[in-house]
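Subject: Structure for your files

Hello,

Here is the structure you were going to look through. My notes follow below it.

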Amino acid sequence: MQNKNFRKKKSKVSSPRELIKGIFAGNKIALSKAITLCESSRKEDRKDANQILNACLSRSGEGIRIGISGVPGVGKSTFIESFGNYLIDQGKKVAVLAVDPSSEKSKGSILGDKTRMELLSRKEDAYIRPTATGGALGGVALNSKESIILCEAAGFEVILIETVGVGKSETGERQMCDFFLLLMLAGAGDELQGIKRGIMEMADGLVINKADGENVDAAKKAKRNYQNALHLFPPNASQWTPEVASCSALKNKNMEGVWQMVSSHEELLKQNGYWVKQREEQNQKWFAKSIRSLVELRLFADQSNAQLYQEMEKRVIKGELAAYEAAEKLLPHLLDALQARR
């Protein structure tokens with residue numbers, strides 16, 4: 001009987017009003033529940049999520065959003081833990097949105113960032129939320145933008161968004177952060193091979209990690225090479241010139257230098273007005289992305305539409321039907337599905 005009562009208590013869902021009140025009070029459990037609602041594709045959950053988001057919008061926007069990317073093995077989790085602890089020591093409240101890739105096979109994800117950031121996760125002024133991409137491109141989860149709004153409404157002043165890794169489609173993170181930080185390694189060959197021009201052009205700052213022990217000289221050389229490479233890129237619309245720094249996340253060295261870089265960037269962009277302009281452009285892209293996600297969700301909610309899509313897809317793959325014509329054939333069914341769900 002006790003177990004039955006316990007299960008009832010555990011399954012109780014807080015109302016949107018209760019969650020909003022908890023978020024404004026900085027309650028991490030309420031924050032987590034609200035983020036889970038935003039990640040849900042159920043119509044009922046989405047309705048509650050929208051109510052919470054609309055209430056939180058007026059309390060968001062004051063934090064600084066820092067995207068952090070880098071090749072596997074560069075030490076993103078170690079860096080975020082070291083950097084997060086430094087910021088907390090400076091009196092900041094830090095939220096980490098750590099995105100892990102979803103499996104194409106099982107759609108599952110490991111979500112092990114709390115384990116990798118054990119010291120940071122214990123801090124009262126830290127909040128770590130692992131999230132799966134859910135198959136979304138761009139290195140971030142579909143609802144990362146909404147998670148940022150909720151974290152800021154809960155009083156977190158610095159939002160660190162850890163992406164799944166560096167790639168050509170890694171643009172989603174750039175579209176939701178104020179400062180895009182790219183972690184690099186010295187002596188890994190990156191200094192020569194274009195240092196991946198596309199991703200570097202998006203970066204506001206480069207940080208060479210693991211600049212310790214026998215790697216110190218290599219880090220200094222890499223820093224010079226990166227600085228020279230950045231001078232070849234066209235100037236940014238923000239008037240900010242990307243900077244290069246080195247650090248040792250493992251030894252907690254030069255976290256203050258990284259924060260100074262971020263702070264200088266914020267100061268310049270707020271002075272020249274680009275800070276607000278960038279946020280507005282990001283909101284515009286968030287709206288467009290939400291429409292695409294909703295259209296896809298509504299299309300596949302109907303089993304017959306899902307089957308028709310698969311049939312069309314097979315014909316396109318086999319070269320029996322042009323992709324645009326297939327899309328045109330599918331469009332009326334999509335419109336019917338949207339109309340039926342109103």
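To start with one residue: which side chain of opposite charge is nearest to Asp 212, and how far away is it? The answer is Lys 251, at 6.3 Å, and Asp 212 is buried yet has no salt bridge. Buried here means under 20% relative accessible area, exposed means over 50%, and partly exposed lies in between, with a 1.4 Å probe and protein chains only. A salt bridge needs a side-chain nitrogen of Lys or Arg within 4 Å of a carboxyl oxygen of Asp or Glu. For charge, Lys and Arg count as positive and Asp and Glu as negative, while His and the chain ends are not counted.

This is a predicted model, in which local features need pLDDT of at least 70 and side-chain atom pairs count only at pLDDT 80 or more, whereas totals for chains, interfaces and linings use all residues. Residues are numbered from 1 along each chain as its sequence is written, and side-chain values use heavy atoms, with hydrogens and water left out.

Overall

The protein has 14 helices and 7 strands. These are DSSP runs (helices H or I, at least four residues; strands E, at least two), numbered from the N terminus. Of the 342 residues, 44% are buried. Accessible surface amounts to about 18900 Å², with 51% of it belonging to carbon and sulfur atoms; the areas come from the Shrake-Rupley method with a 1.4 Å probe, and for residues only the protein chains shown count as cover. Taking contacts (heavy atoms within 4.5 Å) between residues at least 6 apart in sequence, 74% join residues at least 24 apart.

Strand S5 and its partners

Strand S5 covers residues 179-185, and 7 of its 7 residues are buried, so S5 is largely enclosed by the rest of the structure. In a regular strand the side chains alternate between the two faces of the sheet. In S5, Phe 179, Leu 181, Leu 183 and Leu 185 point one way, and Phe 180, Leu 182 and Met 184 point the other way. S5 runs parallel to strand S1 (residues 64-70), joined by 5 bridges, and Ser 69 stands opposite Leu 182. S5 also pairs in the parallel sense with strand S6 (residues 205-209) over 5 bridges, where Met 184 stands opposite Ile 208. Pairing requires at least two DSSP bridges between the strands.

After S6

Asp 212, the residue from the opening question, is found in the loop between S6 and helix H10 (216-230). Leaving out residues up to four places away in sequence, Asp 212 touches Ser 248, Leu 250 and Lys 251.

Helix H5

H5 takes in residues 76-89, and its 14 residues should span 20 Å at 1.5 Å a residue; the end C-alpha atoms are 20 Å apart, which agrees. The expected span is 1.5 Å times one less than the number of residues. Of the 14 residues in H5, 12 are buried, among them Phe 79, Glu 81 and Tyr 86. Gly 91 follows H5 and has a positive phi, near 95 degrees.

Helix H12

Tyr 274 lies in H12 (residues 274-301) and counts as buried at 16% relative accessibility. Its contacts, not counting residues up to four places away in sequence, are Ala 237, Ser 238, Leu 269 and Glu 281. Asn 283 is also found in H12, but is partly exposed, with a relative accessible area of 36%. The C-alpha atoms of Asn 283 and Gln 175 are separated by 8.8 Å, although these residues are 108 apart along the chain.

Regards
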